[in-house]
Structures are given as C-alpha cells and as structure tokens.
Amino acid sequence: MNYISIKGGNKSKQDKIISMVEFCIDKLMPRMNSLNIEIKLTSIKGDAEGYCLRETDRDFEIEVDSSLTLRKMLETVAHEMVHVKQYARREMNDWAYMEDKYYKWKDKFVPANTDYWDLPWEIEANGREVGLFIRWAEKEGYAKNKWTKI
C-alpha cells in the first residue's frame with residue numbers, strides 16, 4: 001500500500017494534492033504499491049517551482065513552492081510525480097558517472113552540462129504535467145472551475 005503524507009497548506013489544498021498524487025500513481029505506475037511519498041509545501045528560493053528528492057527507490061520527498069497558484073501547484077506535483085516514476089522504474093539515475101561528466105537516463109549517458117530543457121527526464125516531465133492536470137481535473141469534476149483555467 002502506498003503511503004502519502006503532506007505538510008503545509010490548508011485542508012482543501014492538501015486534499016487536492018493527495019488526490020493528484022494518487023491519480024499520477026494510477027496513470028504512471030499503477031502496479032506500484034510500496035511508495036512512500038512526503039509532500040512539503042514550502043517557500044522555494046530561485047527559479048524552481050518544485051523538487052523531487054529520492055531517498056530510496058520507493059521513498060521520495062516532493063517540495064512544492066507554496067506561493068504558486070493552485071493550478072500551478074497541482075501541475076508542479078504532476079511534474080514531480082513523473083520524476084518519482086522515473087526513479088521508481090529506474091529510468092533515471094541522478095548519480096553522475098565518469099568523474100561527474102554524465103548522468104544515466106535509461107541506457108544512455110547524458111552530459112552533465114546539458115541544458116535543463118534538453119534533459120530527457122525534464123522533457124518527459126514538462127511534457128506530461130499539463131495533460132495529467134487536465135485529466136485529473138476532469139476526473140475530479142473541477143474542469144469547469146475558474147481556477148483550473150489558464
């Protein structure tokens with residue numbers, strides 16, 4: 001059984017975020033049932049809106065900037081859940097190889113100096129976050145709410 005916990009935000013926001021995490025697990029890795037995911041709504045300095053930190057192949061911490069709009073916060077959760085999938089399925093390895101010059105993505109080596117937008121794991125996460133959000137909003141009956149629109 002997957003375990004999901006959340007710190008920060010109000011009850012309504014927490015419920016939506018947990019629902020998004022469960023939706024992403026169902027869509028991205030439906031057979032996984034031993035994930036431990038802790039979400040922290042916190043202030044993040046710099047350009048990042050969120051982070052996915054892997055502790056083990058089944059234990060993760062997701063940090064999301066608490067100042068984001070609800071829609072952007074949920075999209076960020078979806079983005080970070082794609083990274084959870086990548087780690088849990090061992091598609092991505094964030095340990096550098098060959099004197100810190102390469103990362104491993106599936107069966108390929110990716111130079112560590114690759115631009116963020118060209119990293120294959122970020123291409124997948126950025127490409128899926130909006131679609132996951134829209135499908136979640138439709139499933140949960142939020143699709144016609146004003147806050148779900150861009």
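This passage describes the core, the first helix, the aromatic pairs, the salt bridges and two unusual backbone angles of a predicted model.

Because the model is predicted, local features need pLDDT of at least 70 and side-chain atom pairs count only at pLDDT 80 or more, while totals for chains, interfaces and linings use all residues. Residues are numbered from 1 along each chain as its sequence is written, and side-chain values use heavy atoms, with hydrogens and water left out.

A good place to start is the interior. The largest nonpolar core (buried Ala, Val, Leu, Ile, Met, Phe, Trp, Tyr and Cys residues joined through side-chain atoms within 4.5 Å) has 39 residues, of which Met 29, Ile 37, Ile 39 and Met 81 touch the most other members. At least two core residues come from each of strand S1 (3-7), helix H1 (11-28), strand S2 (36-42), strand S4 (59-65), helix H2 (70-88) and helix H3 (120-140). H2 gives the most, with nine residues. Helices (H or I, at least four residues) and strands (E, at least two) are DSSP runs, numbered from the N terminus. Leaving aside neighbours within four places in sequence, Met 81 is in contact (heavy atoms within 4.5 Å) with Val 21, Cys 24, Ile 25, Leu 28, Met 29, Ile 37 and Ile 62.

Helix H1 deserves a look of its own. H1 has 18 residues and spans 25 Å from its first C-alpha to its last, close to the 26 Å expected at 1.5 Å a residue; the expected span is 1.5 Å times one less than the number of residues. Buried residues (under 20% relative accessible area, with exposed over 50% and partly exposed in between, for a 1.4 Å probe and protein chains only) in H1 include Lys 16, Ser 19, Met 20 and Phe 23. Their cover includes S1, S2, H2 and H3. At the N-terminal end of H1, Asn 10 acts as a cap, with a side-chain oxygen 3.2 Å from the backbone nitrogen of Ser 12.

Aromatic pairs come next. Rings of Phe, Tyr and Trp (its six-membered ring) pair if their centres lie within 6.5 Å, and planes under 30 degrees apart count as stacked, over 60 as edge-to-face and the rest as tilted. The count comes to ten aromatic pairs. Tyr 103 and Trp 121 are edge-to-face, at 6.1 Å centre to centre and 80 degrees between the planes. Since Tyr 103 lies in strand S6 and Trp 121 in helix H3, this pair ties together parts that are 18 residues apart in sequence. Phe 133 and Trp 136 form a tilted pair, with 6.0 Å between centres and 40 degrees between planes; both are buried. Ring pairs link Phe 133, Trp 136, Tyr 142 and Trp 147 into a cluster.

Among charged side chains, 13 salt bridges are found, each a side-chain nitrogen of Lys or Arg within 4 Å of a carboxyl oxygen of Asp or Glu. In one of them, the closest N and O atoms of Lys 7 and Glu 38 are 3.2 Å apart. Lys 7 lies in strand S1 and Glu 38 in strand S2, so the pair ties together parts that are 31 residues apart in sequence. Within H1, Asp 15 and Lys 11 meet at 3.0 Å, N to O.

Finally, two non-glycine residues have positive phi. For Arg 90 phi is about 60 degrees, and this residue is exposed at 63% relative accessibility. For Lys 106 phi is near 55 degrees, and Lys 106 lies in the loop between strand S6 (102-105) and strand S7 (108-111).

Conventions: Polar contact = N/O pair within 3.5 Å; in protein donor to acceptor, adjacent residues only side chain to side chain.
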